[in-house]
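Open the model in your viewer and keep the selection panel at hand. The tour goes from a loop to a pair of helices and then to one more helix.

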Amino acid sequence: MNLPNEIPIPDIQSTSDDRQIAINKVGIKSLKHPISIATREGGSQNTIALFNMYVGLPKDCKGTHMSRFVHILNQNSSPVDRFSFKETVEDMIKVLEAESGLIEVSFPFFIEKTAPVSKVKSLMDYQVTLKGEIYEGSYSFFVKVVVPVKSLCPCSKEISDYGAHNQRSHVTITAETTGDIWVEDLVKIAEEEGSCELYGLLKRPDEKHVTEKAYDNPKFVEDIVRDVCIRLGNRQEVISYTVESENFESIHNHSAYALVQSKIK
């Protein structure tokens, strides 16, 4: 209802379009917003996230209402888990009067780690992306983690009289899940399948331990992705996955890389 003497403002987005071309994704991209992430232990962690939010636009609609995306974010302050994330996607679909929609949110996630020998505690950060999509009435949820690990070359160890070249590697897991699989679970899988995990803080006895553990557990980039796949294949809640490993080579001016994609169910 218009107030007295108020001049009506036209809603151009709601007008029709005669070009008859549907748009797969339209919305906002790269919006920074504070967010609270539910943790496996039952608590939550505050962080700053980068949001992409899209809906599908029918061929006869002129445009979508961009301000509504931001409004949705400001109305959702509870800790994010797989249940609340689905509710947010559903809410976006309803508010934007759309049939399909996608939300992607990326953020740094911190885990406290204990050094293997000195037991000193420190934080490690991991890049995480959550993705929820409704398409043709079906909902899909993905968790992506980028986990830094240490890798040591089996070939270098075999052919060298002493030592072996090693490097820092990024193991990236993207898992489509229908159950409770936490960021912490995926991080643990990736760390356990590298030559050795990394820590934010190490004392000299810890450095010795990490160096020797990696030497005793050499892995090619191919070994890492295959071993991670075996672990994911044993998780009932994972229905598909993509596993990548990039080794930032210490004796070459390039990276070694491997990728495996699989749909379990």
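A residue counts as buried when its relative accessible area is under 20%, and as exposed when that figure is over 50%. The model on screen is predicted.

**Stop 1: a loop residue**

Select Thr 39. Where does Thr 39 sit? Thr 39 belongs to the loop that joins β1 (23–38) to β2 (44–57). Its relative accessibility is 12%, and therefore Thr 39 counts as buried. Now show what surrounds it. Apart from neighbours within four places in sequence, Thr 39 is in contact with Ser 44, Gln 45, Phe 109, Trp 182 and Glu 184.

**Stop 2: helix α1**

Next, select residues 66–75, which form helix α1. Colour Phe 69, Ile 72 and Leu 73, the buried residues of this helix. Looking down the axis of α1, you will find these buried residues within an arc of 95 degrees, so they line one face of the helix. Which elements does this buried set pack against? The buried residues of α1 pack against β1, β2 and α2. Turn to the face that points away from the buried side: Ser 67, Asn 74 and Gln 75 are there, and they are exposed.

**Stop 3: α1 against α2**

Keep α1 selected and add residues 82–95, helix α2. The two axes come within 10 Å and cross at roughly 145 degrees. The crossing of α1 past α2 is right-handed. To see the contact itself, show side chains on both helices. From α1, the residues involved are Arg 68, Phe 69 and Ile 72; from α2, they are Thr 88, Asp 91, Met 92 and Val 95. By type, the residues of this contact are four nonpolar, one polar and two charged. Phe 69 and Ile 72 therefore appear twice on this tour, as buried residues of α1 and as part of its contact with α2.

**Stop 4: helix α5**

Finally, select residues 204–216, helix α5. This helix has 13 residues and reaches 19 Å from first C-alpha to last, close to the 18 Å expected at 1.5 Å a residue. Which residues of α5 are buried? They are Asp 206, Val 210 and Ala 214. These buried residues cover an arc of only 65 degrees around the axis, which puts them on the same side of α5. Show β5 (138–152) and β7 (196–197) as well, since the buried residues of α5 pack against these strands. On the other side of α5, look for Arg 204, Lys 208 and Asp 216, which are exposed.

Methods: Residues are numbered from 1 along each chain as its sequence is written. This is a predicted model: local features need pLDDT of at least 70, side-chain atom pairs count only at pLDDT 80 or more; totals for chains, interfaces and linings use all residues. Side-chain values use heavy atoms; hydrogens and water are left out. Axes are lines fitted to C-alpha atoms, for helices over the stretch in contact, and angles run from 0 to 180 degrees between N-to-C directions. Helices (H or I, at least four residues) and strands (E, at least two) are DSSP runs, numbered from the N terminus. A crossing is left-handed if the near helix is turned anticlockwise from the far one by less than a right angle, and right-handed if clockwise. Contact means heavy atoms within 4.5 Å. Ala, Val, Leu, Ile, Met, Phe, Trp, Tyr, Cys and Pro count as nonpolar, Asp, Glu, Lys and Arg as charged, and the others, Gly among them, as polar. The expected span of a helix is 1.5 Å times one less than its number of residues. Buried means under 20% relative accessible area, exposed over 50%, partly exposed in between (1.4 Å probe, protein chains only). The arc is that of the directions from the helix axis to the C-beta atoms.
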